[in-house]
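Me: Please take a close look at one part of this model for me. I want the helical part, and then how the rest of the chain is put together around its own core and pocket.

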Amino acid sequence: METIVDEPQWLRTASWLGCPLAGAAIGWFLQSIADWVVSLSWVPFKGPFQLVSDIPHPWGVVAGIGAGLVLGLLFAAVWAHERLVVKVTPTRITLTTKGRSRAYEAKLEAVFLDGKELVLLAADGRELVREKADVDRQAVAKAFREYGYPWQDEPPAVK
């Protein structure tokens, strides 16, 4: 018996589709943007923009779309790699992020979200973990309460 709290499937799918498409769309206009920037007299460091502007058509547009697509895929991969997945069971909490999992079986004094960070406090008041978590507040609270963990809606007062 376990509960897994993760980003919704639609968001994970949208990130893998949307980021590359957004990058390709920006890449589509990259040469036009470079042409415009080169035409401005007050812009310093026109060299990189001039390079992009000088690429012959249609290769500049094709290169821009390709570069945007690749950068969008890289952004989606970083997003997926940084995502926190919380697995809660009656005896263990497992946090997976950045390609590694850590399990916690200690007696806890409190579990809460401090802003966008998930915090686990040990029974002796030590902070076991503080992990950036873009998770649904209600879903994570429900998961911890379901298994009897001491979930708190607000960070506890400092002792």
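Reply: What follows starts with the helices, then turns to the core, the pocket and some backbone details.

The model is predicted. Start with helix α1, residues 9-39. Its 31 residues should span 45 Å at 1.5 Å a residue, and the end C-alpha atoms are 44 Å apart, so the two values agree. The helix still bends, by about 45° at L30.

Which residues of α1 are buried? They are R12, S15, C19, P20, G23, A24, G27, Q31, A34, V37 and V38. The spacing has a general background. An α-helix has 3.6 residues a turn, so residues three or four places apart point the same way. The buried residues of α1 pack against two partners, α2 (47-54) and α3 (59-82).

Now take α3. This helix has 24 residues. From first C-alpha to last, α3 reaches 34 Å, close to the 34 Å expected at 1.5 Å a residue. Its buried residues are G60, G64, G68, G72 and A76. They pack against α1. The contact is thus listed from both helices: buried residues of α1 pack against α3, and buried residues of α3 pack against α1.

One pair gives a distance for this region. G66 is found in α3, and G27 is among the buried residues of α1. These two glycines are 39 residues apart along the chain, yet their C-alpha atoms are separated by 7.3 Å. Is G66 buried or exposed? Neither label fits: its relative accessibility is 30%, so G66 counts as partly exposed. The cut-offs behind that call are under 20% for buried and over 50% for exposed.

The loops beside these helices hold two backbone details. Some background helps. Most residues other than glycine have a negative phi, and most peptide bonds are trans. F45 sits in the loop between α1 and α2. Its phi is positive, about 55°, although F45 is not a glycine. With 72% relative accessibility, F45 counts as exposed. Further on, P58 lies in the loop between α2 and α3. A cis peptide bond joins H57 to P58, with omega about 0°.

Next, the nonpolar core. The largest one has 22 residues, and L118 and F144 have the most contacts inside it. Elements giving two or more residues to this core are β2 (85-88), β3 (93-97), β5 (108-114), β6 (117-122) and α4 (137-146). The most comes from α4, with four residues. Which residues does F144 touch, leaving aside those up to four places away in sequence? The list is V86, V88, I93, V111, L118, L120, Y149 and W151. L118 is thus both a contact of F144 and one of the two residues with the most contacts inside the core.

Last, the pocket. The largest has a volume of about 210 Å³. Its lining is made by E7, W79, E82, R83, L84, T97, K98, E131, K132, A133, D134 and V135. Both α3 and β7 (127-132) supply at least two residues of that lining. Helix α3 therefore has two roles in this account: its buried residues pack against α1, and α3 also supplies part of the pocket lining.

K98, one of the lining residues, deserves a second look. It is placed in the loop between β3 and β4 (100-104). Its phi is near 55°, a positive value in a residue other than glycine. At 44% relative accessibility, K98 counts as partly exposed.

Technical notes. Residues are numbered from 1 along each chain as its sequence is written. This is a predicted model: local features need pLDDT of at least 70, side-chain atom pairs count only at pLDDT 80 or more; totals for chains, interfaces and linings use all residues. Side-chain values use heavy atoms; hydrogens and water are left out. The expected span of a helix is 1.5 Å times one less than its number of residues. The bend at a residue is the angle between axes fitted to the seven residues ending there and the seven starting there. Buried means under 20% relative accessible area, exposed over 50%, partly exposed in between (1.4 Å probe, protein chains only). Contact means heavy atoms within 4.5 Å. A nonpolar core is a set of buried Ala, Val, Leu, Ile, Met, Phe, Trp, Tyr and Cys residues joined through side-chain atoms within 4.5 Å. On a 1 Å grid over the protein atoms alone, a cavity is a set of points where a 1.4 Å probe fits but cannot get out, and a pocket is an open set with protein on both sides within 12 Å along at least five of seven lines; lining residues have an atom within 4 Å of a point. Grid points are joined across faces, edges and corners, and a volume is the space filled by probe spheres set on the points.
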